[in-house]
Amino acid sequence: MNSSLSLFNLMHPDILADPYPFYHRLQTEAPIHWDPYVKAWVCTSYTEVAAALRDPRLSTERLLPSEALASLGLQDMIPIYAVLERQLLFIDHSDHTRLRALMNRAFTARRAEEMRSYIQRIVDQLLDTVESRGSMDVVRDLAYPLPITIIAELLGVPVEDREQLKKWSDDYASVLGSFQSIPDNLASVLQSVSEMGAYFDAIILRRRQEPRDDLISALIAAQETDNQISQAELIKNCILLLAAGHETTTNLIANGIYTLLRFPEQKDRFLTDPTIVASAIEEMLRYESPAQYTSRKALTDLEIGGQLIRQRQVVILIMGAANRDPARFPDPDHFDISRHDNKHLAFGYAAHFCLGAALARVEGQVAIQTVAQRFPLLRMDLQLPTWRENVNVRGLASFHVRVDSS
Ligand code: HEM
């Protein structure tokens, strides 16, 4: 394979800032191809990414077993992998159906909608703080603190523990994109993972004795009805909710506001038509997808786009590329907040479709609409935003805007 088509190129600063010309090149020259550098098949076309996400022959059970980790010199990562094991995102078929049904019962769209006024209150408080300053870093001042506050409230953990949860969850998330190497902050990550496990163990015990109106109590209630989820599974999936609900939503909010400011005519439309917010959020998710790709492992030999995928080979499915596929979305690089027929794959698809999509949508809608209404003269500061050095989690490291009227 031509090395200029390898996913390694995504680390180049120019491609990291704007990966879409590179994705379009892959779509034209090699929509499904073996990448020897990442040792996986890479898939970029909408039709094939969507088909792969719903194909039961492609498994989410893709974690390396302990022996394989040891043979790669990654034995220090074993406790981290152990937490991922049994999380929804890493199990399949009947096991996944059982656990997902239980989590669905506790994590409903209604529960997310009921959070709307609480989300509004937190957004208002965060914006009160920045208003007098005349400027803000959208990431630091709004997009980062909001989701962790919301997920902590939903889970029902005490307010005073939130800073601690944020630190644990940041540590944990920092290794999720770099499995094949030992992170520099390994000691801190290992400590966080172990403390997080003990923390949720204790809180689940407390809620079992004294249930409240929160997600952990709802999960326990569902568990007690079915008796089909172990304490360990409950702990690991609380950790998943904390981690999955945090960074991705941060990036939806910051990427969304950034994109709106890059397209002033769309910003004006957003400001003048309050009914457009829901479709605008979908377009933001399509245009700058916070989770750029996922992966699956072949359970059997199979064919994708005319290529033979062998059993146990890994396929990387780039939703960020599929969401800009011209074969699916007319004029895909145009940001259009009233776009119709916008069935993007930013939340995945089929059995593993994002459990928190309804909550993320409400958070995005409230945060972005409130910023636009409260600061109609919102504009980018001279300091240009920078993208984080992460090819999967697409988000801005910082993003300074002026919120004053002078
Ligand atoms: C799954 C994206 C917010 C919890 C997923 C998947 C994607 C995704 C792409 C599927 C991955 C795959 O199939 O391999 C996002 C984005 C979000 C977001 C872009 C924000 C904009 C949230 C929130 C929560 C959450 C707020 C919870 C509080 C989950 C869980 C799964 C998941 C538990 C696993 C579902 C399963 O395997 O059955 N998310 N997510 N996500 N997400 Fe989200």
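This tour moves through the structure one selection at a time, from its sheets to its helices, its core, the ligand and a few individual residues.

The model is a predicted one, in which local features need pLDDT of at least 70 and side-chain atom pairs count only at pLDDT 80 or more, while totals for chains, interfaces and linings use all residues. Residues are numbered from 1 along each chain as its sequence is written.

**The five-stranded sheet**

Begin with strands S1 (residues 32-35) and S2 (residues 40-43), which pair in the antiparallel sense over four bridges. Strands here are DSSP runs of E with at least two residues, helices are runs of H or I with at least four, and both are numbered from the N terminus; two strands pair if DSSP finds at least two bridges between them. Isoleucine 32 has cysteine 43 in S2 as its bridge partner. The hairpin of S1 and S2 has four residues between the strands, and lysine 39 there takes a positive phi near 55°.

Next, add strand S8 (residues 314-318), which runs parallel to S2 and is joined to it by three bridges. Two cross-strand positions are worth displaying: tryptophan 41 stands opposite valine 315 in S8, and cysteine 43 stands opposite leucine 317 in S8. Widening the selection shows an open sheet of five strands in the order S1-S2-S8-S5-S3, with mixed pairing. S1 and strand S3 (58-59) are at the edges with a single partner strand each, so one side of each is left without a neighbour in the sheet.

**Threonine 60**

Now select threonine 60, in the loop between S3 and helix H4 (66-71). Threonine 60 is buried, with 20 other C-beta atoms within 10 Å; with C-beta atoms placed from the backbone, a residue is buried if 20 or more others lie within 10 Å of its own, exposed if 12 or fewer, and partly exposed in between. Leaving aside neighbours within four places in sequence, threonine 60 is in contact with Leu89, Phe90, Ile91, Asp92, Arg296 and His352, where contact requires C-beta atoms, placed from the backbone, to lie within 7 Å. A distance drawn from the C-alpha atom of threonine 60 to that of valine 314, 254 residues apart along the chain, gives 10.0 Å.

**The core and helix H14**

Move to the largest nonpolar core, which has 105 residues, those with the most contacts inside it being Cys43, Val49, Val315, Leu317 and Ile318. Such a core is a set of buried Ala, Val, Leu, Ile, Met, Phe, Trp, Tyr and Cys residues joined through C-beta atoms within 7 Å. From valine 49, the contacts beyond four places in sequence are Cys43, Leu317, Ile318, Met319, Ala322 and Leu345.

Helix H14 (residues 231-244) can be selected next. Twelve of the 14 residues of H14 are buried, so this helix is largely enclosed by the rest of the structure; Leu240, Leu241 and Leu242 are among them. The end C-alpha atoms of H14 are 20 Å apart, which agrees with the 20 Å that its 14 residues should span at 1.5 Å a residue, the expected span being 1.5 Å times one less than the number of residues.

**The ligand**

With the ligand centred, display the 24 residues around it, of which Gly245, Thr294, Gly348, Cys354 and Gly356 come nearest; a residue belongs here if its C-beta atom, placed from the backbone, lies within 6 Å. H14, helix H15 (247-262) and helix H19 (357-374) each supply at least two residues of this shell.

**Helix H10 and two positive phi values**

Select helix H10 (residues 145-155), where nine of the eleven residues are buried. Glycine 156 follows H10, and its phi is positive, near 90°.

Most residues other than glycine have a negative phi. Histidine 93, in helix H6 (residues 93-106), has a positive phi near 50° and is partly exposed, with 13 other C-beta atoms within 10 Å. Aspartate 331, in the loop between helix H18 (319-322) and H19, has a positive phi of about 50° and counts as exposed, with 9 C-beta neighbours inside 10 Å.

**The three-stranded sheet**

Finish at the open sheet of three strands in the order S4-S12-S9, whose pairing is antiparallel. Strand S4 (135-137) and strand S9 (379-380) are its edge strands, each pairing on one side only. S9 is joined by two bridges to the antiparallel strand S12 (residues 400-402), in which arginine 402 is the bridge partner of arginine 379.

Technical notes:
Two residues are in contact if their C-beta atoms, placed from the backbone, lie within 7 Å.
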